[in-house]
Amino acid sequence: MIKPKRTVQKMRSYVPPKEEREKYMRLDFNESTIGASPKVIEAIQNISAEEIATYPEYNDFIKQLAKFAKVKQNEVLATNGSDEAIKLIMDTYLEEGDEIVLPVPTFDMIDIYATAVGAKVNKINYDDNLNFPTENVLKSLNSKTKIVVLVNPNNPTGTSIKREDIEKILKKAKKALVFIDEAYYPFSKQTAIDLIKNYDNLIIARTFSKAFGLAGLRVGFLVSASVNIENMEKVLSPYSVNRVAVIAAVATLQDIQYVENYADEVRVSKELLYEFLESKGIDYWNSAANFVLANFGKDCDKTEKKLKANGILVRSRTNDVMLEGCLRITVGTKAQTKQLIAILESIKEGKKKGLIFDMDGVLVDVRESYRESIKKTAEFFLGRLIEMEVVEEIKNKPGYNDDYDAVEGILEKEERFIERDNVVKKFQEYYLGRNFCGFVRNEKPLITEDRLKKLRTRFKLGIVTGRNRMEAKYALEMFGLSQYFDAIITRDDVVNPKPDPEGLVKAMEKLKVTEAVYVGDNIDDAAAAKTAKVDFLGVIAPGTDPKKSTRALKSKGAKKIIESMDKLEEGLV
Ligand SMILES: *Cc1c(COP(=O)(O)O)cnc(C)c1O
């Protein structure tokens, strides 16, 4: 093996996330949780072969950056993320043996790049309340100090540095560079860019990775006096920001409102999270950024793991100096934050609630089975074709949860009265067919195993359905979902079907829970929940008219209604 240079031999590795983060709610790396503006996606989609075939050009981009940062064009430099900006500063200014002053805990990459060029990193601890250690930073300056690093607001503490403290350091460190990393500027709205006019030893870095939602494209930029920009440009690779990134960055600068709106929502979300943490007695630090550092103490690892089991990634900072027991949690939209809080709450309580589902239209898409069977049976006895709307209409009326009742209801409207046994027989012929080859084959699940697994860590899961036992079992087994439910109450298990609460009461007894949410799609479900005194979550069944269903459910007192089962987790907060 060829040994790397001495400074590299001593370095530790930074381990970026390798797992598949896409399927999680990603509150671990402070990226935008809503992604880039749609204008960015549009711009990238319209890229030409020629634009990709040619080396990137920066004129227009630099013009826009300068305008955005309110500086002259020769005072900005675009970089491949602010990571490259940090590296560039170290490469341009540090000789082996030079010192940098780095208040910690902070962003890892600064230490890494400074160490790689052989500089000595003089780490100054933040104070006990994680406030910026201004006095100790001032005291640490000496003749070897080449760079003082200020991360404002700081990552991972979220705390910010007062303007007057920044100026104190700029004044005292006349012989050193002061580098300010403003990665979270769109959230903090605090900048020192205007000071570059007065201080030629000041360099500021910004990024498009966080609020702007372009982390995957790698774009950032530096702002400083033009002489510094010129010197750094000598060291920078001439095409370090690629063409696609330039196009995306220009597009996002043209849709700044999108980013501002997101930052505004994050501010509101942050208050929600503070309020929750306070109510649970969990210490946290006021943050000027889009993340909150909170001290979970001995519950730190457990909370991180359980959040992950529930589909949410957060970042443990427990191994950082002074941060034992701390998690850093990215703050996203209000809906995401409410979901996070609901899960944190359930982790904290340890006691599980029941989550009970109706089957048809909730767990199972029955558009092409039951609804089709009702339609065919009614058509058989009427001797003519009818529209699916007729079926939907009857199902939205009270007392027609049972599908045989629904068939009879359709027939009665036309003064046709058929004996129940005959209705049942014909219906079953269509639905089950021979050897389950009827419309039942067309049923599709509305929830995945993966989601049930996650829900199971928070809730005890049950089913209360108007189906008979055989039909309920058949569908659950066909989809491979039966093992996730600890109580399955069917038509065969109760004397009185819904809207009677009997089924729900039985399910709760079996689950051994005192509190539950019932997820249902029709008014009999809502009525049963009300009488059983459990929370009701209405869901619009696939293929039904959202307006009509919503109106019907609300008439039975449903307070929360979700537009589809895809929104279940949001409905459970
Ligand atoms: C995330 C982060 C960066 C990295 O930004 P990139 O532009 O993606 O390289 C830089 N500084 C701080 C403080 C950060 O938190």
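A residue is called buried here when its relative accessible area is under 20%. With that in hand, helix α6, residues 108-116, makes a good place to start: eight of its nine residues are buried, so by this cut-off the helix is mostly covered. Keep in mind throughout that this is a predicted model.

Let us stay with α6 for a moment. The buried residues of the helix are Asp-108, Met-109, Ile-110, Asp-111, Ile-112, Tyr-113, Ala-114 and Ala-116. What do these buried residues pack against? Their partners are two helices, α1 (6-9) and α5 (81-93), together with the strands β3, β4 and β5. After α6 comes Gly-118, which has a positive phi near 90°.

Now step back to see the whole chain. It has 573 residues, and 55% of them count as buried. Its secondary structure comes to 24 helices and 20 strands. Along the principal axes, the C-alpha trace spans about 100 × 55 × 50 Å. Among the contacts with a separation of 6 or more, 70% are made by residues 24 or more positions apart. On the outside, the chain exposes about 27100 Å², and carbon and sulfur atoms supply 48% of that area. The chain carries 90 positive and 88 negative charges, and the mean positions of these two sets are 3 Å apart.

The strands β3, β4 and β5 that α6 packs against lead us to a sheet. This is an open sheet of seven strands, in the order β2-β8-β7-β6-β5-β3-β4, and its pairing is mixed. Which strands form the edges? They are β2 (76-79) and β4 (120-125), each of which pairs on one side only. On average, neighbouring strands of this sheet are turned by 20° against each other, with direction ignored.

You can see both senses of pairing by visiting the two ends of this sheet. At one end, β4 pairs with β3 (residues 99-104) in the parallel sense, over six bridges. Here Val-101 stands opposite Asn-122 of β4. At the other end, β2 and β8 (residues 220-224) run antiparallel and are joined by four bridges. In this pair, Val-76 stands opposite Val-223 of β8.

Strand β2 deserves a second look. In a regular strand the side chains alternate between the two faces of the sheet. In β2, Val-76 and Ala-78 are on one side, while Leu-77 and Thr-79 are on the other. Are these faces covered or open? Both are covered, as all four of these residues are buried.

Some details of the backbone can be found by following the chain onward from the strands of this sheet. Beyond β4, in the loop between that strand and α7 (134-140), you reach Leu-130. Leu-130 has a positive phi of about 60° although it is not a glycine. Leu-130 has 2% relative accessibility, so it counts as buried.

Another loop, between β5 (145-151) and α8 (163-172), holds Pro-153, and Pro-156 has its place there as well. What kind of peptide bond joins Asn-152 and Pro-153? It is a cis bond, with an omega of about -5°. A cis peptide bond also joins Asn-155 and Pro-156, this time with an omega of about 15°.

Much further along the sequence, look for Phe-436 in the loop between α18 (420-431) and β15 (444-445). Phe-436 is not a glycine, yet its phi is positive, at about 60°. How does its surface exposure turn out? Phe-436 counts as partly exposed because its relative accessibility is 24%.

The tour ends at another sheet. Six strands form this open sheet, in the order β17-β16-β13-β18-β19-β20, and their pairing is parallel. The edge strands are β17 (487-489) and β20 (560-562), and each pairs on one side only. Neighbouring strands here are turned by 25° against each other on average, direction ignored. At the β17 edge, the partner is β16 (residues 459-464), and the two pair in the parallel sense over three bridges. One of the residues to look for is Gly-462, whose bridge partner in β17 is Ala-487.

Methods. Residues are numbered from 1 along each chain as its sequence is written. This is a predicted model: local features need pLDDT of at least 70, side-chain atom pairs count only at pLDDT 80 or more; totals for chains, interfaces and linings use all residues. Side-chain values use heavy atoms; hydrogens and water are left out. Buried means under 20% relative accessible area, exposed over 50%, partly exposed in between (1.4 Å probe, protein chains only). Contact means heavy atoms within 4.5 Å. Accessible areas come from the Shrake-Rupley method with a 1.4 Å probe; for residues, only the protein chains shown count as cover. Lys and Arg count as positive and Asp and Glu as negative; His and the chain ends are not counted. The place of a charge is taken as NZ of Lys, CZ of Arg, CG of Asp or CD of Glu. Two strands pair if DSSP finds at least two bridges between them. Axes are lines fitted to C-alpha atoms, for helices over the stretch in contact, and angles run from 0 to 180 degrees between N-to-C directions.
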